[in-house]
Amino acid sequence: MELSFSESQDELRRAARRFLEVASSEERVRAAMETEQGYDTGVWEQLSEELAWTALTIPEEYGGLGMTYRDLHPLMEEMGRALLCSPFFSTICLGANALLLGGSDDQKQRYLPGIAAGETTATLAHTERSNPISADDVETTYSPNETGYILRGEKRFVLDGHTADLLIVLARSEGSKGSEGVTLFLVPGDADGVKRTWLPTMDQTRRLASVELGDVAVPADALLGEEGGGSDLCGQTLDLARIALAAEQVGAAEMCLEMSVEYAKVRQQFGRPIGSFQAIKHKCADMLMMIESARSAAFYASALAAQGDPNLEEASSSAKAFCSDTFFHCAAETIQIHGGIGFTWEHPAHMYFKRAKATEVLLGDPFFHRERVAERMGL
């Protein structure tokens, strides 16, 4: 296993940073935060059509570039660093991965070229009002009819669910329990009976929504994967998404450190920069140590994903738990180092802090993932 980024991956990182410094500047992030859609359509068209980021991990036969999760890793770091407001994570790391893992060739041919071109956005609707992490707790149901299936229920906390063109919905057969009968379905976002509502949340840089399914009829070929196999398929999709999210958290944490170091160089107290004080040095050194460790954990998980390793659960959970802790710690320390100004709306520190808290619980909090790792280690 190669333990460092290649030159082409480093160049992708450099190109992404140059683009995002303009396209996802603080001013443009704040502008996107004010809209219900939650992102700039022009930026989305640039990153998908001109830069082909949406095509990165999609196979060439479906209009993509056929690259791996290791190539995606530096891109996710840069997106986290810039707090990019876009449906990229929901579309590529959730929707596209679910299709790649469980879709038939017809389903892939139908949806993946549009996703690769940035013309179709997608998301995974798996959580509900109680926000269960396990598919065993799903309450949304489906029942067969003459032409396909009828879906009933409500999904909550769906990433970009109010704007996605394609919803991949987790539901269970009526009367089933546990993981038995749990299945994924492909549902058009504008299907009859689908009601979508934006949910304002603490993190204004990423949109969540509720999706109500009132007797939504879907054809038989809307079933993704095998009937009853939704629990495993959803779990594999979420593990890949957690790895991408961990990389995003590393990039955001690194930006927190850079903001802190720059401020510590110029802020004066008692006639000297605060960066010369030992307490501030220790804070910055601890942040750097945690970030480098988090990057290693996320990189290892990305490398396993790139190799198609079927045993991603432990690496995925380890990366998500440690990177969540690292990002939240760095965001909190950034506010402390900035002092009073760090608490104000005018300074970007609060945006990183809110993103840190939101991503800490997204796709399972650190407590859940540590317990998951312990179970897999037989502890």
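This is a guided tour of a predicted model, going from selection to selection.

**Stop 1: the strands**

Select residues 122-125, which form strand β1. Its side chains point two ways: A122 and L124 to one side, T123 and A125 to the other. Each of these four residues is buried.

Now add residues 166-173, strand β4. β1 and β4 run parallel as a pair, joined by four bridges. To find the match between them, pick L124 and look across to I168 of β4, which stands opposite.

Next show residues 182-188, strand β5. How many residues of β5 are buried? Six of the seven are, so the strand is mostly covered. β5 is antiparallel to β4, and seven bridges join the two. One of the bridge pairs to pick out is L166 with P188, the latter in β5.

From β5, go on to the short run 223-224, strand β8. β5 and β8 are antiparallel too, with two bridges between them. Select L184 and L224 to see one bridge pair, L224 being the β8 member.

**Stop 2: two loop residues with positive phi**

Most residues other than glycine have a negative phi. The next two selections have positive values.

Go to L83, in the loop between α4 (69-82) and α5 (88-102). The phi of L83 is near 50 degrees, and the residue is not a glycine. Is L83 buried or exposed? With a relative accessibility of 2%, L83 counts as buried because the cut-off for that is under 20%.

Then select D160, in the loop between β3 (148-159) and β4. D160 is likewise not a glycine, and its phi is positive at about 55 degrees. The relative accessible area of D160 is 6%, so this residue is buried.

**Stop 3: three helices**

Display helix α7 (residues 230-266) together with α9, which spans residues 313-338. The axes of α7 and α9 come within 8 Å and cross at roughly 20 degrees. Why do they count as roughly parallel? Angles under 35 degrees are classed that way, and therefore α7 and α9 are roughly parallel to each other. The crossing of α7 past α9 is left-handed.

Add helix α8 (residues 278-306). The axes of α8 and α9 are 9 Å apart, and the packing angle is about 155 degrees. That angle is over 145, so α8 and α9 are roughly antiparallel. This crossing is left-handed.

Stay on α9 and select S316, which lies in that helix. S316 is buried, because its relative accessibility is 0%. Setting aside residues up to four places away in sequence, S316 touches D239, R242, I243 and A301.

**Stop 4: from S316 to A32**

With S316 still selected, add A32. The two are 284 residues apart along the chain, and their C-alpha atoms are separated by 30 Å. A32 belongs to helix α2 (residues 26-33). A32 is buried, because its relative accessible area is 7%.

Which residues does A32 contact, leaving aside neighbours within four places in sequence? They are G38, Y39, C85 and R207. For another distance from A32, select R206: the C-alpha atoms of A32 and R206 are separated by 9.6 Å, with their positions 174 residues apart along the chain.

**Stop 5: R13**

Move to helix α1 (residues 7-23) and pick R13. R13 has a relative accessible area of 13%, so R13 is buried. Show also F5, P74, E77 and E78, which R13 contacts when neighbours within four places in sequence are left aside.

**Stop 6: H350**

The last selection is H350, in helix α10 (residues 349-361). H350 counts as buried, because its relative accessibility is 8%. Which residues does H350 touch, not counting those up to four places away in sequence? Show R30, G342, T344 and W345.

Of these, look at W345 in more detail. The backbone oxygen of W345 lies 3.1 Å from a polar atom of the H350 side chain.

Notes: Residues are numbered from 1 along each chain as its sequence is written. This is a predicted model: local features need pLDDT of at least 70, side-chain atom pairs count only at pLDDT 80 or more; totals for chains, interfaces and linings use all residues. Side-chain values use heavy atoms; hydrogens and water are left out. Buried means under 20% relative accessible area, exposed over 50%, partly exposed in between (1.4 Å probe, protein chains only). Two strands pair if DSSP finds at least two bridges between them. A polar contact is a pair of N or O atoms within 3.5 Å; within protein, one must be able to donate a hydrogen and the other to accept it, and residues adjacent in sequence count only if both atoms are side-chain atoms. Contact means heavy atoms within 4.5 Å. Axes are lines fitted to C-alpha atoms, for helices over the stretch in contact, and angles run from 0 to 180 degrees between N-to-C directions. Angles under 35 degrees count as roughly parallel, over 145 as roughly antiparallel, 65 to 115 as roughly perpendicular and the rest as oblique. A crossing is left-handed if the near helix is turned anticlockwise from the far one by less than a right angle, and right-handed if clockwise.
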